[in-house]
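Me: Please take a close look at one helix of this model and the residue at the centre of its packing, and then work outwards to the surroundings. I would like one connected account, with the cut-offs behind each term.

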Amino acid sequence: MNRKPLNDISDSDIKQFEDDGVICLRGMFDQDWIDRMNAAVNRTMDAHHPDARQREVTKALGGDKGRFHINSFVWRWDDDFRAFALESPCPEIAARLMKLDKVSLFYDQVFVKEPETAERTDWHHDLPFWPLRGGNILSVWVALTSVNSDNSALEYIAGSHKWGKFYKAAIPDNDPHFKSDFEECPDFSKERRNSDYRFLSWEMQAGDCLVHHPLTVHGAEGNFSPSRRRAAISVRYMGGDAVWDPRPATMRIPGDPQYPAGQFPNMPDVFPPAWQAR
Ligand SMILES: O=C(O)CCC(=O)C(=O)O
């Protein structure tokens, strides 16, 4: 299993990430990681571990076909997920794109859409969900299956991380905990012909990854394929200017840690150091 990314990340990749707020990096993970994490996803999807933070979106919305499954903080109770978050190429990719010499794990999150899952991933950006502020936070969304527009490829709006917007957190199962007065994120699916927006989306193979800034607007349609699952793990890292900002209506962190607002959340048990330059 590779620790270092299998391919170089160039200065022009970093520039593209900074300009667009997202980049697709090809072939960064070897087949051993893909096999190990597909098996780990299968094992954990129905594990009902006491620490599992599962959302069954299809079920919650009364859907009768497919399954949109989300699970968060899996690294805390599953060794394969822990290894993936801390010992795979993910944290080095994060550090390189943020030009940091160290990063900590924020959390990991699994997204599975089984064939014929109608539920979309609503347009949103991530930071409003999180008790954090700052630009040095990002997500490495690793494809564990092939992905295309039929089976729920993510779509992004280039440059949206620079709009100065802070949209209301959009939770797929409409959890009332996240109610807030922030502006709703528009449904950008209706804007595909609007030349004011540059939509970005990639066909991907297992082992490719997307990396996005916490304010880049993104979403995905359902999985229309009759046979192809779409599975990914999104691992979030932070460093540099990221600070703790425990606002109301943000995601609950396991253990409900109390920490002074405005400082980097230096809590290694909760947010373990994940990578450091040598
Ligand atoms: O995979 C999905 O459908 C959603 C992923 C996402 O929103 C994220 O990783 O931030």
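Reply: Phe 84 lies in helix H4, where helices (H or I, at least four residues) and strands (E, at least two) are DSSP runs numbered from the N terminus. The model is a predicted one, in which local features need pLDDT of at least 70 and side-chain atom pairs count only at pLDDT 80 or more, while totals for chains, interfaces and linings use all residues. Residues are numbered from 1 along each chain as its sequence is written.

Phe 84 counts as buried because 24 C-beta neighbours lie inside 10 Å; a residue is buried if 20 or more other C-beta atoms, placed from the backbone, lie within 10 Å of its own, exposed if 12 or fewer, and partly exposed in between. When neighbours within four places in sequence are left aside, Phe 84 is in contact with Met 37, Cys 90 and Ile 233, contact being defined as two C-beta atoms, placed from the backbone, that lie within 7 Å. Leu 61, by contrast, is 23 residues from Phe 84 along the chain, and the C-alpha atoms of the two are separated by 31 Å.

One of those partners, Met 37, leads to the packing of two helices. The axes of helix H2 (residues 31-45) and helix H4 (residues 79-87) come within 9 Å and cross at roughly 135 degrees, the axes being lines fitted to C-alpha atoms, for helices over the stretch in contact, with angles that run from 0 to 180 degrees between N-to-C directions. That angle makes H2 oblique to H4, since angles under 35 degrees count as roughly parallel, over 145 as roughly antiparallel, 65 to 115 as roughly perpendicular and the rest as oblique. The crossing in which H2 passes H4 is left-handed, a term used if the near helix is turned anticlockwise from the far one by less than a right angle, with clockwise giving right-handed. On the H2 side the contact is made by Arg 36, Met 37 and Ala 40, and on the H4 side by Asp 80, Phe 81 and Phe 84. By class this contact has 4 nonpolar, no polar and 2 charged residues, with Ala, Val, Leu, Ile, Met, Phe, Trp, Tyr, Cys and Pro counted as nonpolar, Asp, Glu, Lys and Arg as charged, and the others, Gly among them, as polar.

Leading into H4 is the loop that follows strand E3 (68-72), and Phe 73 has its place there. Phe 73 has a phi near 60 degrees, a positive value in a residue other than glycine, and Phe 73 is buried because 21 other C-beta atoms lie within 10 Å.

Cys 90, another partner of Phe 84, belongs to helix H5, where the buried residues are Cys 90, Pro 91, Glu 92, Ile 93, Ala 94, Ala 95, Arg 96, Leu 97 and Met 98. Helix H5 (residues 90-98) is thus described as mostly covered, with 9 of its 9 residues buried. Lys 99, just after H5, takes a positive phi of about 55 degrees, and its place is in the loop between H5 and strand E4 (102-113). Lys 99 counts as partly exposed because 13 C-beta neighbours lie inside 10 Å.

The remaining partner of Phe 84 is Ile 233, and the surroundings of the ligand include strand E12 (230-238), which, like strand E7 (137-143) and strand E11 (218-220), supplies at least two residues of the shell. The ligand is surrounded by Phe 111, Thr 121, Asp 126, Ser 139, Trp 141, Leu 154, His 218, Ala 220, Ala 232 and Ser 234, a residue being near a molecule if its C-beta atom, placed from the backbone, lies within 6 Å of it. This shell has 5 nonpolar, 4 polar and 1 charged residues.

For comparison, Ala 169 is found in the loop between strand E8 (154-157) and strand E9 (199-201). Ala 169 is buried because 22 other C-beta atoms lie within 10 Å, and, leaving aside neighbours within four places in sequence, it is in contact with His 124, Pro 128, Phe 129, Phe 178, Ser 180 and Ala 249.
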